[in-house]
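Subject: Structure for you to look at

Dear colleague,

I am passing on the structure we spoke about, together with some notes to read beside it. Please open it first and keep it in view as you read.

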Amino acid sequence: MSHEDLTRQAVQRYAALQPELRQLADLYVAMVTSLLDDAGINYVSVTGRAKSVASFAGKAARTVDGAPLYPDPLEQITDQIGVRVVTYLHADVTAVADMLSDQLSVLDDRDLGQETARQGRFGYSSRHLLVAIDPTRGAPPAYDTLRTRSASVQVRTILQHAWAEFEHDVRYKGTIPQEHVPDLDRRFTLAAGLLELADREFSAIRDRLQATMGGQRLRHDEDDPRISASDLATFLAGQFQDAGWSRTDHYAWISGLLLELGITSLDELGGLLSSIDVPGINARMGYRYPAGAVRRLDDALLAVFGARYLGLHGNAHRVPALKARLEKLRSM
């Protein structure tokens with residue numbers, strides 16, 4: 001059978017599978033989002049898609065020196081399910097990749113930004129991981145159907161994402177006249193270099209803030225019993241200087257948990273944390289990725305309050321996960 005016939009058959013089979021793949025892509029997005037939230041890692045967005053039939057057909061038809069690049073397209077084209085995680089800073093890209101490596105099986109891991117840099121160029125930057133459910137760890141029942149499917153996960157900063165999307169959009173609009181290609185390539189390269197510099201400056205700003213935010217005296221709003229999200233973020237940056245920032249809404253969420261526990265001031269929270277072995281808790285958790293500040297506080301509260309913490313209204317959606325973490329805290 002010719003390559004064209006084999007490709008046509010593969011595309012027909014893929015078209016029949018695609019509705020199921022769209023559902024699995026949604027599940028992968030939900031799972032990755034849940035893992036990021038549980039780790040307290042800061043991110044902008046998590047999106048996903050099933051590869052379109054047209055895109056699959058184009059990839060399946062590729063050849064190299066006349067030979068098919070994918071003799072078995074349904075098995076060898078690994079980005080049929082795609083997830084994209086966009087972060088604010090480059091350090092968060094690494095944190096996301098490390099977390100995925102800890103929680104899932106990573107079948108492939110390519111840092112295309114590093115590959116570009118090794119060639120002495122500026123350009124496309126993104127971390128690409130091929131992930132699957134870890135067969136020994138398994139998955140929560142809600143994600144059980146993902147056991148037989150891998151997913152391609154792209155992780156990039158918001159600036160890298162803007163460059164890649166604009167570059168793709170411009171080149172997709174049509175054939176660029178040959179006389180304009182060198183200048184266009186030069187301008188894209190210049191923009192990529194500027195964005196890499198901006199990424200570094202944003203990281204430097206974050207590092208400077210984290211190093212200087214601790215120890216500030218913050219004014220308390222007497223009309224609101226909760227610790228404000230911004231005050232809590234400032235406090236935790238000083239308390240956990242080696243932890244990354246968490247999402248803004250997560251600070252507000254854990255402030256609600258503190259209110260349920262009756263902790264309504266940073267003085268109370270500071271006194272509580274000073275009385276426990278926070279480094280020991282971190283050691284028992286054995287993080288293989290830089291857990292965010294909210295996750296670090298979450299583990300400290302779990303260690304102190306135990307079953308009472310499990311019973312809080314704001315924790316109702318994650319009791320099984322908290323129980324597993326509590327067992328880990330108590331088993332060592």
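The notes below cover one strand, two pockets and the nonpolar cores.

This is a predicted model, in which local features need pLDDT of at least 70 and side-chain atom pairs count only at pLDDT 80 or more, while totals for chains, interfaces and linings use all residues. Residues are numbered from 1 along each chain as its sequence is written, and side-chain values use heavy atoms, with hydrogens and water left out.

I would begin with strand β6 (residues 127-132), where strands (E, at least two residues) and helices (H or I, at least four) are DSSP runs numbered from the N terminus. Six of the six residues of β6 are buried, so the strand is largely enclosed by the rest of the structure; buried means under 20% relative accessible area with a 1.4 Å probe, protein chains only. On one side these are R127, L129 and V131, and on the other H128, L130 and A132. Strand β5 (residues 105-111) runs antiparallel to β6 and is joined to it by six bridges, with D109 partnered by L129. Strand β7 (residues 151-157) is also antiparallel to β6, over five bridges, and here L130 has S152 as its partner. Pairing requires that DSSP finds at least two bridges between the strands.

H128 and S152 return in the second largest pocket, where they lie nearest the centre along with R49, D79 and Q154, among 29 lining residues. A pocket is an open set of points on a 1 Å grid over the protein atoms alone, where a 1.4 Å probe fits, with protein on both sides within 12 Å along at least five of seven lines, and lining residues have an atom within 4 Å of a point. The volume of this second pocket, about 930 Å³, is the space filled by probe spheres set on the points, which are joined across faces, edges and corners. Helix α6 (158-172) gives the most to its lining, with five residues.

The largest pocket has a volume of about 1,100 Å³. Its lining has 33 residues, and S34, L35, D38, Q103 and A321 are the closest to the centre.

Lastly, the largest nonpolar core (buried Ala, Val, Leu, Ile, Met, Phe, Trp, Tyr and Cys residues joined through side-chain atoms within 4.5 Å) has 42 residues, of which L36 and V85 touch the most other members. Its largest share, 13 residues, comes from α1. A second, separate core of 33 residues includes L261, L301, F305 and L312.

With best wishes

Conventions:
Buried < 20%, exposed > 50% of the residue type's maximum accessible area, 1.4 Å probe, protein only.
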